[in-house]
Amino acid sequence: KTDSKYIVDEINEETSQLAKLRLLIHDKEHNTEIHKNNSIFNWRKKENSFDAVISFPPFGLKLKGQDLDKLNYSYRRGSIESINLTGRCILACPDSFLFGGGKVQDLREFLVEQNLVDTVISLPPNLLNNASIPFNILVLRKDKTDNKVRFINAEDFYTKTNRFKKT
């Protein structure tokens, strides 16, 4: 779209600069807001506002005195509530999100009951620079017309660049 607006919330300065560079390369920087913000603690609530939300929270985050399940729940729920009725929400999550209990289980049940899960993509370990665990990408939609969920096992779709890194 020519009238697209991009809003980026990122606490890491290097990642913010990469986002800015990617938007510049694609000639999209003119209608962009980049905020230095910790969206895990400070989700910018804008219900039904966005065509797409891409959410990639840090895996294995450990916080003293914080209920991590509650934070993850709020963060992911906020991502979902932010997309409009035809929007997509892309959530990166570790396996524990798909199989864990507590608030995470409650959120999974909500996603299924509301028929929001369109696709689950399983990815191999060592794709990320900062984590060697396998992870998943959930594609969520509010406008699904069927009750089907696509499962894609992408664990073999990579090139090994060295013994520690896959791309």
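This is a short talk on one predicted model, going through its confidence, its sheet, one helix and a few residues.

Let me begin with confidence, since what we have in front of us is a predicted model. The chain averages a pLDDT of 80, and 78% of the residues score at least 70. Among the elements of the chain, the lowest mean pLDDT, 71, belongs to helix 2, which covers residues 68-82, while strand 7 has the highest, at 95.

Now to the sheet. In general, the strands of a sheet pair through backbone hydrogen bonds, and they do so either parallel or antiparallel. Here we have an open sheet of five strands in the order 3-4-6-5-7, and the pairing is mixed. Strand 3 and strand 7, the latter being residues 150-153, are the edge strands, each of them pairing on one side only. From one strand to the next, the twist averages 10°.

If you follow strand 4, residues 83-94, you can see both senses of pairing. With strand 3, residues 50-55, strand 4 pairs in the parallel sense over five bridges, and within that pairing A52 stands opposite R88, while S55 stands opposite L91. With strand 6, residues 135-141, strand 4 pairs in the antiparallel sense over seven bridges, and there A92 has I137 as its bridge partner.

Someone will probably ask about cysteines, so how many disulfides does a search of the whole structure find? The search finds zero. As for individual cysteines, C89 is buried, with a relative accessible area of 0%, and C93 also counts as buried, at 0% relative accessibility.

Next, please look at L140, which sits in strand 6. Is L140 buried or exposed? Its relative accessible area is 1%, and because the cut-off for buried is under 20%, L140 is buried. Setting aside neighbours within four places in sequence, the residues in contact with L140 include I80, I83, G87, R88, C89 and L91, and also L111, L116, V117 and D118. Of these, L116 lies 24 residues away from L140 in sequence, yet the two are 5.2 Å apart in space, C-alpha to C-alpha.

One of those contacts, L111, takes us to helix 4, residues 103-113, where the buried residues are V104, L107, R108 and L111. Seen down the axis of helix 4, these buried residues fall within an arc of 100°, and therefore they line one face of the helix. I would point out that an arginine, R108, is on that list of buried residues. After helix 4 comes N115, whose phi is positive, near 55°.

My last residue is S16, which has its place in helix 1, residues 13-25. At 5% relative accessibility, S16 counts as buried, and, not counting residues up to four places away in sequence, S16 touches E10 and I34.

To draw this together, we have a predicted model with an open, mixed sheet of five strands, in which strand 4 pairs in the parallel sense with strand 3 and in the antiparallel sense with strand 6. L140 of strand 6 is in contact with L111, which is one of the buried residues of helix 4.

Key
Residues numbered from 1 in each chain as written. Predicted model: local features only at pLDDT ≥ 70, side-chain atom pairs only at ≥ 80, totals over all residues. Heavy atoms only, no water. Buried < 20%, exposed > 50% of the residue type's maximum accessible area, 1.4 Å probe, protein only. Helix = DSSP H or I, 4+ residues; strand = E, 2+ residues; numbered from the N terminus. Arc of directions from axis to C-beta. Pairing = 2+ DSSP bridges. Contact = heavy atoms within 4.5 Å. Axes fitted to C-alpha atoms, helices over the stretch in contact; angles between N-to-C directions. Disulfide = S-S within 2.5 Å. pLDDT = per-residue confidence, 0-100.
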